[in-house]
Every structure is written in structure tokens, then in C-alpha cells.
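Colleague: I should like a close look at a single part of the structure shown below, set in the context of the whole. Please take the enclosed space in the interior as the subject.

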Amino acid sequence: MAGVDPSTRKRVLKVIFVSLLLDLISFTFILPLFPKLLEFYRNSEVGPDSQSTLLARILGGLNAYKSAFAKPIDSRYDIVLLGGALGSLFSLLQAIASPIIGHLSDKYGRRAALLASMAGNILSVLLWVMAVDFRTFLASRIVGGLSEGNVQLATAIATDISDENSRGSTMALIGACFSIAFTFGPALGAYLSSIATVAANPFATAAGVSLSLIVIETVYLYFSLPETLPNKTEKQATKTAAKPPAAVTRTNSHFLLNLVHFSFLLFFSGMEFSLPFMTYDLFQYDSAQNGRLLGYVGLVASILQGGVTRRLPPLLTVQIGVSACLVAFVLLGRITSVGSLYLAATCLATTSATVVSGLNTLSSFEASEAERGGKLGVLRSWGQLGRGLGPVLFTSVYWWAGREVAYAAGAAGILGVTLLVFAGLKSPPGSVKKSGKAEKKEL
């Protein structure tokens, strides 16, 4: 969209950067708390009726799943598996909600859709604050999965205000928010969980701060974010005869982009979820050591997104990312030392910094202004479906056949994705920068 003046573009970029950072930091608070949080609910339900509770029935189902494998699975993983199941539930709900949120943003505007999504987020975190039992906590995750739309709408807004030359760097800015939040958010959440304020819910402090961040974000968006949907802004700006929207010449089909996104996250998310099991089996890592490993991944990814990814054409970023992911899978199937583990983690950081933001950018080039929110929502939906299924499928192979077979199978899958990216995807016209103008700072 070329009609956005530089000052408006800079102001909107600042708004989406700040709001997305607040949203993702709040979102990541809960990630390191899952084990202790679920242990708390399990222990609090001990009693004569404990076997009939919702949590007991879910744990019973997970134990039946575990017993299907010949390789014994330590009971210490019960809570990890439950946390993974909740994570998969959240992703599958996002797969349902994302296209709906995207289409609503195309019809009613980005601002209205984002504020409605934030109302759902507030309700979700409020339920977490009040969650003295597992049922309430589960309800908070369901509401959150169905209402979270900040990421995809921030992507749509960034596309609305960017021209072809600056779109890739704008998407990388959104990716940098992820890396920054995942570097600092979990550590802050773990610290806040050590501050007890409510006996009935020892995690109320972390939940309360998370709620405060979401409320602040919502108020900030209400007063600072203008409408960016081109159809809406053009109607508000002028009543003169408007030209019909320019037709989009498709370079890559949305089917192919969605397939790449689904396939990539199917394997990548499974490998991500298996890391704590693998590091414990090989190096007896505890949660603190795993936290440092993930913090390293987030730090490297944020550096790459801020200094490298934003300057590269989107297709090249995807190609680099899937290639790095393939190397990571091969390394993880063979590592014997901590040094090689961190080498694989560097490859994972490269993947995190490139693939999803590159695919979002490519998808935005293939959508007209009137359908962009919906197309990006469908892309995210397929990715979330892969993220929901990947952990279950990958860990099943891991426990059934062992680490080497699991990572070899994952490497074969990512090799297929890599071939699909290199042979099937092409650079849309305008996606390769012709000058240094787009190298200006976004904020």
C-alpha cells in the first residue's frame, strides 16, 4: 500500500511493535510455569473423589497413551505430557479461530477485530487469575485459544502500511518481537511465580501481572491505533472516484504456501517439544538448564531478525531457515556433547528467525487488499494445525523407536519441505529490494 505517508507508517509500526511485545511477554509468562502449575492442580485434587475429576481423567488417558509404548516412560514426564496436550489444544483452537478472525478483519477493519480479540484475551487471563481449580484453568486456555488474534492482525496491519520493498523488513520486526519476548518473558514469569499473594492460587501474581500487561495493551491500542484496512481508510479519506483495487498476479499459490507452513511446523514443533526429553536423557538437564538453552535460542534469533533477516528477500529467508532446520535435525540425531547441542540450537535460532516471517511476507504478496486478513489467517491456521499435531506424532516416534530414528524421520520430513521450498516457491515481483531505501530504521 503506497498511500501511507512515512510519518503515519512510523507511528503505526511503533504501536504494533509495542502492543505485540506486551502481548507476547504476557503470553510467555505461563510457559515455564506449566509443570509446577499442573502439579499444583493435581496435588490440590487429592481426596476421596480425586479419581473422578477432569484432571484425573485426562491424566488417566495420558497414562494409557504412555503404556502403549514398549519403551518405559518415566512418570516425571506425566506433567510434561499434560502441558504438551494443553499446548496442542491451544494450537488446534487457533487453527479454527484464525481464519475467522482474519475474515472479520477484512470486513469490519483491523482495529475493530484486534480490540475484540483483546477483549477475549482479557477474559482468558482473568480466568487464569481466578483459577483455583483445573477446570477454570482449562477454560482460560480454551478462551485464549479461540480469541488470540494479535499476531496475525499485527501481520495484516504491517502489510497494510508497507510497500513491496519494505514489507520483508516489517515482517522481520514482528519476528523480533517474538524473539525478545521468548528471551525475557519466561524468566520474568518464573520470577513472578515465586511471589505468593493468594494462597488458593500461588500463580496469581504472575497471572495478575499478565492481566495488567494485556489491559495496558488494550488501552494503548484503543487510543493509539488508527484503522489501516485500505478499503476503510480510503472511504474515510476521500469521496472522489476511486480506482478498483489492482489485480494480484499470483506467483505462488496459497495452497503451496499453506502446505509448506503446515509441513514445516509439523516437524519443527515436534522437535521443539522433544528437546527437554532429549536433553534429560543425554545430559540430565534440569528445567533451569533447559531454560538457558531456550534463552540462547531466543537471543540469537532476535539478533538475526534485527540485523540480518529484515534485510533479506522473503524467499531467501525461508530457504535459509529450512536448510538450517535440516542441519539441526541431523545434528540432534547424532549429538554426544553439550557443544554440539548448542551448535544445533544455533541452527534452530536461525530457523526461528526466518521461516515463519518469510512465509507471512510471501503470502502477503499473493493477496489483494480486500482479502489479506483472511489469507494470512488461513496461513496461520494451517501452521497452528501443524503445531498442534507435531508434538504428539514426533514424541510417539521418539518413544517407540528412539532418538536416532525420530530425528532421522524428522530430517527426512524437513528435507521434503526444503525441496518443496527450493523447487516450488518463487520470488514475487517487488519482493527483492532494488535499492537501499528500505534499509532505513523502522522505528
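Colleague: To begin with the outside, what is the accessible surface of the protein, and what percentage of it belongs to carbon and sulfur atoms? Then, for the largest cavity, which residues lie nearest its centre, and which helices each supply at least two residues of its lining?

Modeller: The model is a predicted one. The accessible surface of the protein comes to about 18900 Å², and carbon and sulfur atoms hold 67% of that area. The protein has 17 helices and zero strands. Of its 443 residues, 54% are buried. Among contacts with a separation of 6 or more, 86% join residues 24 or more positions apart.

Three cavities of 30 Å³ or more are present in the structure, and the largest cavity contains about 240 Å³ of space. Its lining consists of 15 residues, with Phe27, Ser124, Val125, Arg141 and Gly144 nearest the centre. Four helices each supply at least two lining residues: α1 (6-28), α5 (110-129), α6 (134-147) and α9 (204-224). The largest share, four residues, comes from α5. By class, the lining holds six nonpolar, six polar and three charged residues.

The helices that supply the lining can be followed outward. Trp128 falls within the span of α5. Beyond its neighbours within four places in sequence, Trp128 contacts Phe137 and Ser140, whose positions lie in the span of α6. Further contacts of Trp128 include Ala206, Ala207 and Ser210, which fall in the span of α9. Ile30, Leu33, Leu37, Asn201 and Phe203 are also in contact with Trp128. Trp128 and Phe137 belong, moreover, to the largest nonpolar core, which has 104 residues. Together with Leu38, Phe264, Leu332, Tyr407 and Leu425, they are the residues that touch the most other members of that core. Helix α11 (residues 254-283) contributes the largest share of this core, 12 residues. In soluble globular proteins, nonpolar side chains tend to be buried together.

Ser224 is found in α9 and, at 23% relative accessibility, is partly exposed, the cut-off for a buried residue being under 20%. Apart from residues up to four places away in sequence, Ser224 touches Arg11 and Val15, which lie in the span of α1. Ser224 and Lys14 are 210 residues apart in sequence, with C-alpha atoms 9.8 Å apart. In the loop between α9 and α10 (230-237) lies Glu227, which is buried, with a relative accessible area of 15%. Glu227 and Arg111 are 116 residues apart in sequence, yet their C-alpha atoms are 5.4 Å apart.

Another part of the interior is helix α15 (residues 355-365). Because 10 of its 11 residues are buried, α15 is largely enclosed by the rest of the structure. Among the buried residues are Val355, Leu359, Asn360, Leu362 and Phe365. The buried residues of α15 pack against α7 (150-160), α8 (167-193), α11, α13 (314-332), α14 (338-352) and α16 (372-401). Thr354 has its place in the loop between α14 and α15, and counts as buried at 5% relative accessibility. Leaving aside neighbours within four places in sequence, Thr354 contacts Thr309, Thr317 and Gly321. Thr317 and Gly321 lie in the span of α13.

Key
Residues are numbered from 1 along each chain as its sequence is written. This is a predicted model: local features need pLDDT of at least 70, side-chain atom pairs count only at pLDDT 80 or more; totals for chains, interfaces and linings use all residues. Side-chain values use heavy atoms; hydrogens and water are left out. Buried means under 20% relative accessible area, exposed over 50%, partly exposed in between (1.4 Å probe, protein chains only). Contact means heavy atoms within 4.5 Å. Accessible areas come from the Shrake-Rupley method with a 1.4 Å probe; for residues, only the protein chains shown count as cover. On a 1 Å grid over the protein atoms alone, a cavity is a set of points where a 1.4 Å probe fits but cannot get out, and a pocket is an open set with protein on both sides within 12 Å along at least five of seven lines; lining residues have an atom within 4 Å of a point. Grid points are joined across faces, edges and corners, and a volume is the space filled by probe spheres set on the points. Ala, Val, Leu, Ile, Met, Phe, Trp, Tyr, Cys and Pro count as nonpolar, Asp, Glu, Lys and Arg as charged, and the others, Gly among them, as polar. A nonpolar core is a set of buried Ala, Val, Leu, Ile, Met, Phe, Trp, Tyr and Cys residues joined through side-chain atoms within 4.5 Å.
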